[in-house]
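Here are a few friendly notes to read alongside the model. They are meant for someone opening it for the first time.

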Number of protein chains: 2
Amino acid sequence: MVHCEGDVTVQIAFASYLQKYRIKTDALYLAIKDAIINGTLPLHTKLASTRLLAEQYGLSRGIVTQVYDMLLAEGYVTARSGQGTFVAYRYEQPAEPPRPMHKAALSKWGERVRQLRKNQLGDGYHDHCLYPFHWGHTDMSEFPVKEWNRCMHASLRQMQEDGDVSLRDPQGDPALREAIAAYLLRNRGFAAAPSQIVIVNGSTQAITLLAQLLVEPGMAAVSEEIGYAGVKQAVAAAGARWLPAEIDGSGIIPGSWEARLLFVTPTRQFPTGAVLNLERRQQLLQWAQEREAIIVEDEYDSEFRHKGKPLEPLKALDRRDRVVYIGSFSKAMPSYMRIGYAVLPKALAEPFCAAKELYEPRATGAVEQKALAEFMKSGAYDRHLRRMKRIYGSRFELLRRLLPAELPDLFEWVESDTGLHIFGWWRDSEERYERYAAICRAEGVRWAVARHGKGGTEGLVAGGAGNEDQANRQAAVRIGCYFHFIHMSLKRLEQGVAVMKAASETLNK
Amino acid sequence: MVHCEGDVTVQIAFASYLQKYRIKTDALYLAIKDAIINGTLPLHTKLASTRLLAEQYGLSRGIVTQVYDMLLAEGYVTARSGQGTFVAYRYEQPAEPPRPMHKAALSKWGERVRQLRKNQLGDGYHDHCLYPFHWGHTDMSEFPVKEWNRCMHASLRQMQEDGDVSLRDPQGDPALREAIAAYLLRNRGFAAAPSQIVIVNGSTQAITLLAQLLVEPGMAAVSEEIGYAGVKQAVAAAGARWLPAEIDGSGIIPGSWEARLLFVTPTRQFPTGAVLNLERRQQLLQWAQEREAIIVEDEYDSEFRHKGKPLEPLKALDRRDRVVYIGSFSKAMPSYMRIGYAVLPKALAEPFCAAKELYEPRATGAVEQKALAEFMKSGAYDRHLRRMKRIYGSRFELLRRLLPAELPDLFEWVESDTGLHIFGWWRDSEERYERYAAICRAEGVRWAVARHGKGGTEGLVAGGAGNEDQANRQAAVRIGCYFHFIHMSLKRLEQGVAVMKAASETLNK
């Protein structure tokens, strides 16, 4: 009995609310509030005094007072001095049922991004399959889990001890940036100041921010005609025109593109694996100088050249400071650790940091950053790399021998002495490709595919057959297939190729 | 002696390179490469045979072959069949020394973001001071470190066991999204499907992405005339016109803004602490409905109402699905853990995810997400909240009693029964404020400040005096000061206020 004016008595459903919400305060609050909202207690109704209500429901007056205060604070009731507490909410019979928003009006950027969504990885990408050549993450069975956990635990402890001051540098843990600078000097042949290094949540973040920072809607940005889908998405989201750069067996063919931004994979063209020769590197740098352009160099697996030293990056030749170098840990560290980095020209470091901090004013993944710094500083990372080079190397040797030997006719295999996947062009018709991929898929074999047509290139779609948008295909499509292997044992690789061989026999029947 | 054509002999600096780089392969590779790059070995020079070179430097032929292969792969040399290996790099005397890029050409977005950078927190923000009222993070001395570490370690173990498949949902750990949905229903009075919840790296990421998604350059976006600086930055970065909404003692004053996006803090206006009454809430929702606008509700510290239940959010009244609710863990969890979340209208969930995935196609901070899910599911989070409510509550009671008692004249204190900071308007002149803040600062007391002038409001600048851009100030500036306390002990709070009192006496001398 909340309402007690005149002779009308309104019963609120306290008992059933108490049963549902357990706590008396919650039950009383919600019972009265709902009665107000649904019109049972209309505007200007005088509520019972706290004393009366407390008696009625066997509550302490403190609880009732507290509930009235809450309703007061929220404006459901109002208190008139000396007169009591009154309902202040005007219940209105809805003229029509509420129409929830069914489509949000987006900015042009938002509309572009919504469109992109449709081209992303199919749902089945992460599904289990026996021979998942379509992705390639660190083999965790070979990862030095104990040493890494030690670093993670130490980092966590350090953070707890730091207490309040553990707000982290949004540019990235200084110790990690130093460790990366040392690594780059030792292993990639160029000097980078830690102040030019920014830690990112994976290389895609760097790519997307750079496209946003450097190209205006309508302007052009260049990237290799087949390449990482994230680059094309970043360019499209920025509203830029995408200029595809032709590639051949030596990688990107330098052009005189009318653009101010180029994304490129010189060390090992993704995914064909071509190594860009020195002459072309010099031409790219010359182009950047003439056009006042920025070149974004993405080194996605350079740590793992199987013979000799990894090829030096374009950045090592960059005397005009026009190259952004993007590095990754995704082939060496656990895939849940989303840490990459960008080495920026001096003139770009501050705008890039400002862009990143707009989204993340504090460092993300601080525990992992500090752990990685320690992992690198202690030498564990180098030891791990050396060991994985051997292991990945033997898998590479096996696969690059087996695939051409067992499947000599279906694919034109691209020779390479480095890299963490094997690339081959499908030799036959598209229709036959679909049939072959379907047979393989049914047997648990998947691989990644890049379709490349005369009229442009479809974004890379991983996952063998079945995910692609049929309408986009061109008559003169070339189908590039690539096979990751680093997460699979030698035995698994052998079995996978055997299944593919059997499938080729089925196809030819 | 690398060059051996005719009678010219070129000595490479192998010995000194070996001393520097230790590893023979590295030393030989770099010695030859540098000799090519600096013109010592000009174009078309024939290199010594591998046999000769191996003899010369006491190396195995394997090493020399490997180095030649590397130089070949990079294009520094070329191999002519049957003739030997020749330098392929054309050294050119630079006509002028290389001019490194000194200013990058940015997109309009980039230029806006670069400008914003100048308004960000001063460098001294994180400096140690005795009484840091200017920030307010979780008191780690009261944090259940053991339970949290248990969750972190378990999460890490789980990730390692998952191995290759530990690629995480970019929308956020499903278990965490479920735990948040349960928390919201139980504590914030509204039902949200886990599919509408997106985990973000702190609430700023959500704010920035929403501004980008929803406003077109030139369009308007509304937010409270004084408020969180990140909102104004997000609006400015999107190129939108900022429409300041007036506030009074009851929070935002609803207007008929010509805009389609409103950022607001209804539960407790930031930083004044006003609670928005129900009538105004309904008016805001009505406005959103009429304008087809989106309201972004930022609940930054609602977990900690000191009396009764926290006020319900605007989202709980949102029958048209036009409110985005942004929640945070920053007052309850360690500050290194950058996890926030957004509850999106159904029609916005997909575009928002697409926008986030453009930067982060995989979940960031997966270990922390899983740990937090477990921390919430196990009940540890609720226990921690209950305990911190008591602890923060007593600090709040002390400070809201002490400040008006000890400093009755300098500030006009704003009453509130909730929140994690105390707000007061400076009563005196700006000049006197600067003097007072300087005296306090010298004694180790800092607080956060929001300047609010007739001609607009400066972005909130934390840190007492000294960081503000003098040119921006208006004659009729009002100075709002707010005092965080949750990370300070009762004794520390008492001492801090005593110092401020003494400073007020110094000021009045």
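How much area do chain B and chain A bury between them, and what share of it is on carbon and sulfur atoms?

1. Please keep in mind that this is a predicted model. In it, chain B and chain A together bury about 9,700 Å², and carbon and sulfur atoms account for 59% of that area. The contact involves 109 residues of chain B and 107 residues of chain A.

2. Next, the charged and polar pairs. Between chain B and chain A there are 4 salt bridges. One of them joins the side chains of Lys108(B) and Glu216(A), with 3.9 Å from N to O. Polar contacts link 27 residue pairs across the two chains, counting pairs with both residues at pLDDT 80 or more.

3. Which helix gives the largest share of the side of chain B that touches chain A? Helix H11 of chain B, residues 346-359, does so with 10 residues. By residue type, that side of chain B holds 55 nonpolar, 27 polar and 27 charged residues.

4. Now for how the two chains are arranged. Chain B can be superposed on chain A by a rotation of 180° with 0.0 Å of shift along the axis, giving an RMSD of 0.1 Å. The two copies are therefore related as by a two-fold rotation axis. Both copies use the same surface, as 98% of the contact residues of chain B recur in chain A.

5. If you would like a place to look for the axis, try Gly365(B): among the residues of chain B, its C-alpha comes closest to the rotation axis, at 2.7 Å.

Methods:
Residues numbered from 1 in each chain as written. Chains lettered and ligands numbered in written order. Predicted model: local features only at pLDDT ≥ 70, side-chain atom pairs only at ≥ 80, totals over all residues. Heavy atoms only, no water. Contact = heavy atoms within 4.5 Å. Buried area = accessible area lost by both parts, 1.4 Å probe. Polar contact = N/O pair within 3.5 Å; in protein donor to acceptor, adjacent residues only side chain to side chain. Helix = DSSP H or I, 4+ residues; strand = E, 2+ residues; numbered from the N terminus. Nonpolar A, V, L, I, M, F, W, Y, C, P; charged D, E, K, R; others polar. Least-squares fit on C-alpha atoms with pLDDT ≥ 70 in both.
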